[in-house]
Structure formats: structure tokens, C-alpha cells
Amino acid sequence: MMYTMGRGGASRLGVAALALRNFSSATGGGAGSVARRAASNGMASGGAQAPIAVGVWIRGMATTTGGDRTFATMTLGEQEQREEKKQPQMASGGGGGMNGDGDEEKGIVSYWDIPTRKIRKEDGTEWKWNSFMPWETYKADTSIDLKKHHKPSTMIDKIAYWTVKSLRWPTDLFFQRRYGCRAMMLETVAAVPGMVGGMLLHCKSLRRFEHSGGWIRTLLEEAENERMHLMTFMEVAQPKWYERALVIGVQGVFFNAYFLGYVISPKFAHRMVGYLEEEAIHSYTEFLKELDKGNIENVPAPAIAIDYWRLPAGARLRDVVEVVRADEAHHRDVNHLASDIHYQGHELRETPAPLGYH
């Protein structure tokens, strides 16, 4: 190609000579500029094949000088895109490599540049909670029947009922009328069953390659809701060091005991939680009585409670206790339902779970 000169041959030689004079001072990025200048000169002189000659010459020089062959044979647009992609990588100190498919890999030394969205509330103020988002909040249904009680009829029911009753006696003795600290202790225990049950159902679903009917999500939602109760009452009652130590001991014992109980008999485990929630309703009712009597100060509601339950801006502690008690009533219904499903000889996945039942 280089020795046959037809029409426009002089233009091609002129382009090659121009590129040769400029190549000695060109770097990897300069090669692209040389090619661009040569191409524009060739087109200006009427040489229709000038860009092809320049491309062949650059490809040969890159091979003999040990340059970047891929860079030399790229189109001008591709070269500019690659230069833009390299700059963030070089700035972060990352190195490149090749994977098994021959594609280039990018070495990353930090993932702090993962984008995060700034969430704002309806009034335009910034959302300051990271543990839950606005679309996870709700208005509690405080009209739920608080007086329902499952009458124990079978031996398993009676064991579950008296187990809960026996746990209440030391709690009453230790906390007495300190309902803020009592609520804190109650929630550290009440948040365990949903997590244990959801975890075991999750593993069962994986082993059997089957759906859960929504019960995994329902139980995990229950655990998360109980944890939010704890985060709220932490703002109201600051626990002392010995109360924190008690929480560690009680949670360690209860977690393992409940785990074993759920493995042996899910109907017993859910029934016991149903009775535990009934006791929680009773405790929060007594809490409200003390607030109404003035024995406990009706302080402003914590900000986390106002956002989580969508309470009015001027909500007080009494409003918080009311919505928490309503949540416990819903958990009571869900766990008694789960136990009844097992009593009927069915698995939970066979009955649709009451998702979003607050």
C-alpha cells in the first residue's frame, strides 16, 4: 500500500511525513492528537484514503515501540472515552488487570463513593434516620380490641401460658412501678422471637426450595417493630449499668431457650409469644394509668417516635404508649394465628401471612 502511488498518493506521503515529524515528541495521549491533525490535513488536501494510511502507520509504530496497541487502533471517539474512564481510576490509586474472559478489570481501593440519596420529609426538612425510611412508617391502628385473650385448652397451651406468668413475677419484683425501664426490658425480650422464627423459616425455605407464604417477612417485621419500641423507650428511660447487664443475661438465656423451643414445637413457641404480648398489653395499660394519675411525667414524645408512627408534632409520651400497646395487640393476633395454623396440622406457608398488619 505504501509503495503504490495513484491519484492522491502525494497527499498520503505528506500526511505520513507530518505524522513522522510529530511522533518523536508524542506520548500515549499525544498519539491521538497526531492522528487527528494528520487526518484533518489529509482531508483538507483531498486525500480520501489518508486516514487509512495514518491508521496503518500508527499501528506499525505502536508495535515496534512497545506502545499501547489497542489505543493506537481505536477510533478517535473511543480513545477520548477511554481517557475519561482512566482518570477517576488513576486518581483513586486503583490498578488494572485482566480477568479470565480477557476483559479489563478495575482495581478499587475504596468504596466510599457509593452514592446515597438524601431523603426529605413532606415538609421539605431532611430525613435524619438511617435505621428506617419514610415509606416504612405508618399510623398505628389504636382501635384494635385490647381485651381478647386466648383461653388455654391443650397441655401445650397451658405450659406456654404458665411459662409466661412465671416470668412476670420476677419482672414485677425487680421493676415495680418503673414502667419506662420495664418497657425497655420487655422490648429487648419481645424483639427476639420474630427474629428467631423468621431465621428458622428462612433456612427451612432454602432447604426445601419452597416459598414461605410471606411469614418470613411478617416475623422479621415484628422483630423490627419491637426493636423500634426499644429505640423509643431508650430516649425516655436511660438504663443504669446493672439494668444493661441484666438485659445481656436475660437475652442470652431467652434467645437460646426460644430457639430450642421453636425447633421442637413451633405451635408452642408462637403460643407463648401470643401470651407474652397479652402481658405486654397489660403492662402498657398500667403505664397509661400512671401517666393519667400524674405519677409519671407526660413528657414530649421522642422525635424518633413522631416520625416512625407519624404522630403530630405536639405528641406526648402518652400518645407513644398508646401506639406501642396497639402494636403489641397486633403481634398477639399474629402469633396466636400462627399457633392455630400448626394446631390444624398445616404449615405456615399454606396460609397467607398478614403482611403489614399493624
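How much accessible surface does the protein chain have, and what share of this surface belongs to carbon and sulfur atoms? In this predicted model, the accessible surface of the protein chain comes to about 21,100 Å², and 58% of that area belongs to carbon and sulfur atoms. The chain has 358 residues, of which 39% count as buried.

The secondary structure consists of 12 helices and two strands. Read from the N terminus, the order of elements is α-α-α-α-α-β-β-α-α-α-α-α-α-α. Among the contacts in the chain with a separation of 6 or more, 69% are accounted for by residues 24 or more positions apart.

Salt bridges were examined next. Their count comes to 16. One of them joins E347 to R208, with the closest N and O atoms 3.0 Å apart. This pair links distant parts of the chain, since R208 belongs to helix α7 (residues 179–208) while E347 is found in the segment after α12 (317–343), and 139 residues separate the two in sequence. Both partners fall into the intermediate class of accessibility: E347 is partly exposed because its relative accessible area is 23%, and R208 is likewise partly exposed because its relative accessibility is 44%. E347 and R208 also take part in a network of salt bridges that includes K204, E210 and R349.

A further salt bridge is formed by the side chains of D292 and R318, at 2.7 Å from N to O. D292 lies in helix α10 (residues 266–293) and R318 in helix α12, so this pair ties together parts of the chain that are 26 residues apart in sequence. R318 has a relative accessible area of 25% and is therefore partly exposed.

The salt bridge between R332 and D333 has its closest N and O atoms 2.9 Å apart. R332 counts as buried because its relative accessibility is 1%. D333, at 15% relative accessibility, therefore also counts as buried, the cut-off for this class being under 20% relative accessible area.

Helix α9 (residues 241–264) contains Q251. With a relative accessibility of 37%, Q251 counts as partly exposed. When neighbours within four places in sequence are left aside, Q251 is in contact with T188 and V192. The C-alpha atoms of Q251 and A190 are 9.7 Å apart in space, although the two residues are 61 residues apart in sequence.

Backbone geometry was considered last. Most residues other than glycine have a negative phi. F209, which is not a glycine, nevertheless has a positive phi of about 55°. F209 is located in the loop between α7 and α8 (215–236), and its relative accessible area of 76% is the reason why F209 is classed as exposed. R310 provides another case of a positive phi in a residue other than glycine, with a value near 55°. The loop between α11 (303–308) and α12 holds R310. With a relative accessible area of 41%, R310 is partly exposed.

Terms used. Residues are numbered from 1 along each chain as its sequence is written. This is a predicted model: local features need pLDDT of at least 70, side-chain atom pairs count only at pLDDT 80 or more; totals for chains, interfaces and linings use all residues. Side-chain values use heavy atoms; hydrogens and water are left out. Helices (H or I, at least four residues) and strands (E, at least two) are DSSP runs, numbered from the N terminus. Buried means under 20% relative accessible area, exposed over 50%, partly exposed in between (1.4 Å probe, protein chains only). Contact means heavy atoms within 4.5 Å. A salt bridge is a side-chain nitrogen of Lys or Arg within 4 Å of a carboxyl oxygen of Asp or Glu. Accessible areas come from the Shrake-Rupley method with a 1.4 Å probe; for residues, only the protein chains shown count as cover.
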